[in-house]
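Here's a quick walk through one model, written for someone who'd rather look at strands than read a preamble. Have the viewer open as you go.

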Amino acid sequence: MLRFLFNTILSAKVVCNDAPQPWQIGFQDGGSPSFEGIVELHDQIMFYLIVIMLGVGWMLSSTIRKFNGYHNQIVHKYHNHGTLIELIWTITPALVLIAIAFPSFKLLYLLDEVIDPVITVKAIGNQWFWTYEYSDYVNDTGETIEFDSYMIPDTELEPGQLRLLEVDNRVILPVDTHIRFIITARDVIHSFAIPSLGITLDALPGRLNQTSVLINREGVFYGACRELCGVLHYAMPIVIESVSLESYLLWLSSQNSPCFILNSLLTPVLQVPKVQAEGLSRTGAGVLVKTRVEETLVVWGM
């Protein structure tokens with residue numbers, strides 16, 4: 001019996017919570033180191049809050065129990081100052097704030113750091129849909145991969161799809177890759193937020209905000225606009241699907257083939273001479289990659 005349970009647990013597929021659930025009060029499952037750091041900081045601060053709550057509650061209950069007219073008729077009427085206790089309740093909160101400040105500042109600077117991104121995705125907020133642009137990829141005619149993403153209405157939902165969260169065009173990204181998001185808007189202020197990835201950034205008209213993320217597992221991550229942007233504010237969901245590198249390259253070839261990758265550090269599978277690669281690009285037989293390190297044209301083996 002124990003062996004059966006052990007084998008069942010090992011063979012069970014891990015189901016991650018990457019979308020909001022009814023009556024959910026906890027976090028979604030993390031899909032990036034950034035979000036895992038946010039959850040860890042939350043747990044540390046909760047520890048301090050619980051200790052402070054228990055300490056303050058104990059002092060209040062002790063004061064009410066001991067210093068009242070029924071149990072203690074003698075009250076220190078002229079005892080107004082206590083140097084020791086004043087030092088304790090002044091220094092202790094300062095030490096707690098310092099203990100909270102150091103990890104929070106460290107996490108804040110790590111979240112703002114953009115580490116040599118391999119892929120850049122530009123997200124543009126509109127009333128009421130998102131436009132995504134993969135500016136690293138340009139084909140022979142100078143066009144980039146760009147598409148709009150609209151929420152799927154309730155009448156067109158398929159079984160298993162989430163209401164008010166599914167879109168017609170998902171953002172496809174590879175796992176274990178440094179990705180930079182550039183966020184802006186065309187009309188009013190929006191907010192680009194994906195809880196499972198630890199991303200929340202305002203989309204401001206006329207201004208570019210950027211953030212980076214490294215998705216550490218495959219999955220579908222749901223988000224939405226978090227800034228009230230009009231009557232259809234609810235109709236701006238965000239769906240990011242992380243896939244393997246091979247699946248991502250196949251998706252690229254289906255979107256815009258032939259496609260030149262101008263700013264990539266991905267490791268090529270097969271390297272061919274420049275003349276042969278140009279011949280493949282004209283026939284659409286592969287996806288060409290131009291690395292910044294070697295400055296050579298390579299073709300991916302599918």
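Over which residues does pLDDT stay under 50 while the model has 88 contacts beyond four places in sequence? That's residues 260–302. This is a predicted model, so confidence is a good place to begin. The protein chain has a mean pLDDT of 77, with 75% of its residues at 70 or more. Residues 1–13 also fall below 50, and that stretch has 0 contacts in the model beyond near neighbours in sequence. Where pLDDT is low, the predicted coordinates shouldn't be read in detail.

**The sheet**

Now to an open sheet of 5 strands, with mixed pairing and the order β4-β10-β9-β6-β7. β4 (171–174) and β7 (199–203) sit at the edges with a single partner strand each, so each has one side without a neighbour in the sheet. On average, neighbouring strands here are turned by 25° against each other, direction ignored.

Two of the pairings involve β10, and they look like this:

| Strand pair | Sense | Bridges | A bridge pair or facing pair |
|---|---|---|---|
| β9 and β10 | antiparallel | 6 bridges | Gly223 opposite Ile238 in β10 |
| β4 and β10 | parallel | 4 bridges | Val171 with Ile240 in β10 |

For orientation, β9 covers residues 219–225 and β10 covers residues 237–243. Helix α4 (residues 245–255) packs on this sheet, where it touches β4 and β10. The direction of α4 makes about 135° with that of β4.

Edge strand or not, β4 has its side chains tucked away: Val171 and Leu173 point one way, Ile172 and Pro174 point the other way, and all are buried.

**A serine in β3**

Is Ser149 buried or exposed? At 4% relative accessibility, Ser149 counts as buried, because the cut-off for that is under 20%. Ser149 belongs to strand β3, which spans residues 144–149.

What does Ser149 touch, leaving aside residues up to four places away in sequence? The list is Phe129, Trp130, Tyr132, Val167, Asp168 and Asn169. With Asn169 there's a polar detail as well: a polar atom of the Ser149 side chain lies 2.9 Å from the backbone oxygen of Asn169.

Notes: Residues numbered from 1 in each chain as written. Predicted model: local features only at pLDDT ≥ 70, side-chain atom pairs only at ≥ 80, totals over all residues. Heavy atoms only, no water. pLDDT = per-residue confidence, 0-100. Contact = heavy atoms within 4.5 Å. Pairing = 2+ DSSP bridges. Helix = DSSP H or I, 4+ residues; strand = E, 2+ residues; numbered from the N terminus. Axes fitted to C-alpha atoms, helices over the stretch in contact; angles between N-to-C directions. Buried < 20%, exposed > 50% of the residue type's maximum accessible area, 1.4 Å probe, protein only. Polar contact = N/O pair within 3.5 Å; in protein donor to acceptor, adjacent residues only side chain to side chain.
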